[in-house]
Amino acid sequence: MSSRNFLIVAFVLFLVLKAFNALFSKKKAEDEAPAEPTTKVGPYCQSEIAIKAVRCPHCTSKLEGFPEIND
């Protein structure tokens, strides 16, 4: 009888902890703010590039919003 009681208690504890974790994971997901993007899409080739890029490394097109660098 002792092992049967242990299994019942373990199962109930499992269900309680599973419900507790589900409750807190939903609350945590709601609290998180969306992160700022670190990449953008190239205008012609549609490849993913760094947000600070001046030219697309794949198709070498100039990206809008950046002045030309004179070196």
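1. Surface and status of the model. The accessible surface of the protein chain amounts to about 6,700 Å², and carbon and sulfur atoms contribute 62% of that area. The model under review is a predicted one. Of the 71 residues in the protein chain, 10% count as buried.

2. Secondary structure. One helix and 2 strands are assigned in the protein chain. Read from the N terminus, the order of these elements is α-β-β. Helix α1 covers residues 2–31, strand β1 spans 39–41, and strand β2 takes in residues 48–50. As for the contact pattern, among contacts in the protein chain with a separation of 6 or more, 2% are made by residues 24 or more positions apart.

3. Nonpolar patch. A nonpolar patch on the surface is formed by I8, F11, V12, F14, L15 and V16. Together these residues present about 580 Å² of accessible area. One of them, F14, lies in helix α1. The relative accessibility of F14 is 48%, so this residue counts as partly exposed, given that the partly exposed class ends at 50%.

4. Aromatic pair. The search of the whole structure returns 1 aromatic pair. The partners are F20 and F24, with their ring centres 4.6 Å apart and an angle of 65° between the planes. The geometry is edge-to-face, because the angle is over the 60 degrees required for that class. Where do F20 and F24 sit with respect to one another in helix α1? They are 4 residues apart in the helix, which means a separation of about one helical turn. Both rings belong to residues of intermediate accessibility: F20 is partly exposed at 45% relative accessibility, and F24 is partly exposed at 44%.

5. Strand β2 and its contacts. A50 is located in strand β2. With a relative accessible area of 46%, A50 is partly exposed. Which residues does A50 touch, not counting those up to four places away in sequence? The contacts are T38, T39 and K40. For A50 and T38, the distance from C-alpha to C-alpha is 6.3 Å, against a sequence separation of 12 residues. Strand β1 runs over 39–41, so the contacts of A50 with T39 and K40 are contacts with residues of that strand.

6. Cysteines. The search of the whole structure finds 0 disulfides. C56 is in no disulfide, and the nearest cysteine sulfur to that of C56 belongs to C45, at 3.5 Å. C59 is likewise in no disulfide; here the nearest cysteine sulfur is that of C56, at 3.7 Å. Why is neither distance counted as a disulfide? A disulfide requires cysteine sulfur atoms within 2.5 Å, and the separations are 3.5 Å for C56 and 3.7 Å for C59. The two residues also fall into separate accessibility classes. C56 is buried at 2% relative accessibility, whereas C59 is partly exposed, its relative accessible area being 27%. The buried class applies under 20%, so C56 falls inside it and C59 does not.

7. S61 after strand β2. S61 belongs to the segment after β2. Is S61 buried or exposed? Its relative accessibility is 10%, and S61 therefore counts as buried. Leaving aside neighbours within four places in sequence, S61 is in contact with P43, Y44, V54, R55 and C56. Among these partners, C56 is itself buried, at 2% relative accessibility.

8. Backbone angles to review. Two residues other than glycine deserve a look. Q46 has a positive phi of about 60° although it is not a glycine. The position of Q46 is in the loop between β1 and β2, and at 54% relative accessibility Q46 counts as exposed. T60 likewise has a positive phi of about 60° without being a glycine. T60 is placed in the segment after β2, and its relative accessibility of 52% puts T60 in the exposed class. In sequence T60 and Y44 are 16 residues apart, while their C-alpha atoms lie 9.5 Å from one another. Y44 is also listed among the contacts of S61.

Key. Residues numbered from 1 in each chain as written. Predicted model: local features only at pLDDT ≥ 70, side-chain atom pairs only at ≥ 80, totals over all residues. Heavy atoms only, no water. Buried < 20%, exposed > 50% of the residue type's maximum accessible area, 1.4 Å probe, protein only. Contact = heavy atoms within 4.5 Å. Areas by Shrake-Rupley, 256 points an atom, 1.4 Å probe, with all protein chains shown as cover. Phe/Tyr/Trp six-rings, centres within 6.5 Å; stacked < 30°, edge-to-face > 60°. Patch = residues over 30% accessible without salt bridge, like charges linked within 9 Å, V, L, I, M, F, W, Y side chains within 5 Å. Salt bridge = Lys/Arg side-chain N within 4 Å of Asp/Glu carboxyl O.
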